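Got the viewer open? Here is a short tour of what to select, stop by stop.

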Amino acid sequence: MSMRHAVQARGGAAVVTAVALALTLAGCGGGDDKPKESQKSSVASPGGSPQASAPSGGQSSAPPQVLATVNGPSSTVLTINSVARDQAGFLTVNGQIKNGGSEAFVETAAWRGDERSASAASVAGVTLVDKAGKKRYYVLRDTEGRCLCTIGLTRIGAGESVPFFAQFPAPPANVTDVDFNLPTFATATIKISG
């Protein structure tokens, strides 16, 4: 075999090897845990025919329940979507704060509350009041003084909504509604579920 044919043969073998290696690596995948369109699971309906499963991310097409809406400073609006008691003796309030203004809203120090806390830029100042029992509930803290609430709320862009949560000791089981107050917002009376 001439030198020219030997070089061409080796060059062709290198190309074939490179293509085989590329196909092998592509078949291994990149660790992407997201299911491909054809791999989505299907669930059998009561009639026995398969249906596509619900969209990932836990999103449903129904809008979230609104228990209360209160206005705050600079066109901000606080919406409370759930107030749930759990069996561990806690009460968790979930909702969102929307900036309805045309400029960014910067969190106020009043949202953090008066007590010393390791939770800067938070909603640690929120309280619940049981008027019938004449008792005020403060946001729970962990062993290092951080609130069991949303932290890092430093800025809300124009038109943006940010979720929030705050966890409290649960009032007695006979208490069905409480007043919710985040400083700078109006007070809202909310019903407890569960």
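Start by selecting Phe185: in this predicted model, Phe185 is buried, with a relative accessible area of 6%. Now add Trp111, its partner in an aromatic pair. The ring centres of Trp111 and Phe185 sit 5.9 Å apart, and the planes make an angle of 35°, which puts the pair in the tilted class. Trp111 is buried too, at 0% relative accessible area.

Where along the chain do Trp111 and Phe185 lie? Trp111 is in the loop between strand 6 (105–106) and strand 7 (127–130), while Phe185 is in the loop between strand 11 (177–181) and strand 12 (188–191). The pair therefore ties together parts that are 74 residues apart in sequence. Keep both selected and add Phe105: Phe105, Trp111 and Phe185 form one aromatic cluster.

The structure holds three aromatic pairs, so there's another one to visit. Select Phe164 and Phe180. With ring centres 6.1 Å apart and planes at 40°, this pair counts as tilted, because that class covers angles from 30 to 60 degrees. Phe164 lies in strand 10 (residues 161–169) and Phe180 in strand 11, so this link spans 16 residues in sequence. Are these two rings buried or exposed? Both fall under the 20% cut-off for buried: Phe164 has a relative accessible area of 4%, and Phe180 has 2%.

Next, select Cys147 and Cys149. What joins them? They form a disulfide, with their sulfur atoms 1.9 Å apart. A disulfide is a covalent bond between the sulfur atoms of two cysteines. Check the torsion about the S-S bond: it is -70°, and the link of Cys147 and Cys149 is left-handed. Cys147 counts as buried at 8% relative accessibility, and Cys149 is buried at 5%. No need to hunt for others, since a search of the whole structure finds one disulfide.

Now zoom out and colour by secondary structure. How many helices and strands does the protein chain have? There are one helix and twelve strands, and reading along the sequence you meet the helix ahead of the run of strands.

Last, switch on the surface. The protein chain exposes about 12,500 Å², with carbon and sulfur atoms supplying 56% of that area. Of its 194 residues, 28% count as buried. If you draw a contact map, look away from the diagonal: among contacts between residues at least 6 apart in sequence, 58% join residues at least 24 apart.

Technical notes: Residues numbered from 1 in each chain as written. Predicted model: local features only at pLDDT ≥ 70, side-chain atom pairs only at ≥ 80, totals over all residues. Heavy atoms only, no water. Helix = DSSP H or I, 4+ residues; strand = E, 2+ residues; numbered from the N terminus. Buried < 20%, exposed > 50% of the residue type's maximum accessible area, 1.4 Å probe, protein only. Contact = heavy atoms within 4.5 Å. Areas by Shrake-Rupley, 256 points an atom, 1.4 Å probe, with all protein chains shown as cover. Disulfide = S-S within 2.5 Å. Phe/Tyr/Trp six-rings, centres within 6.5 Å; stacked < 30°, edge-to-face > 60°.
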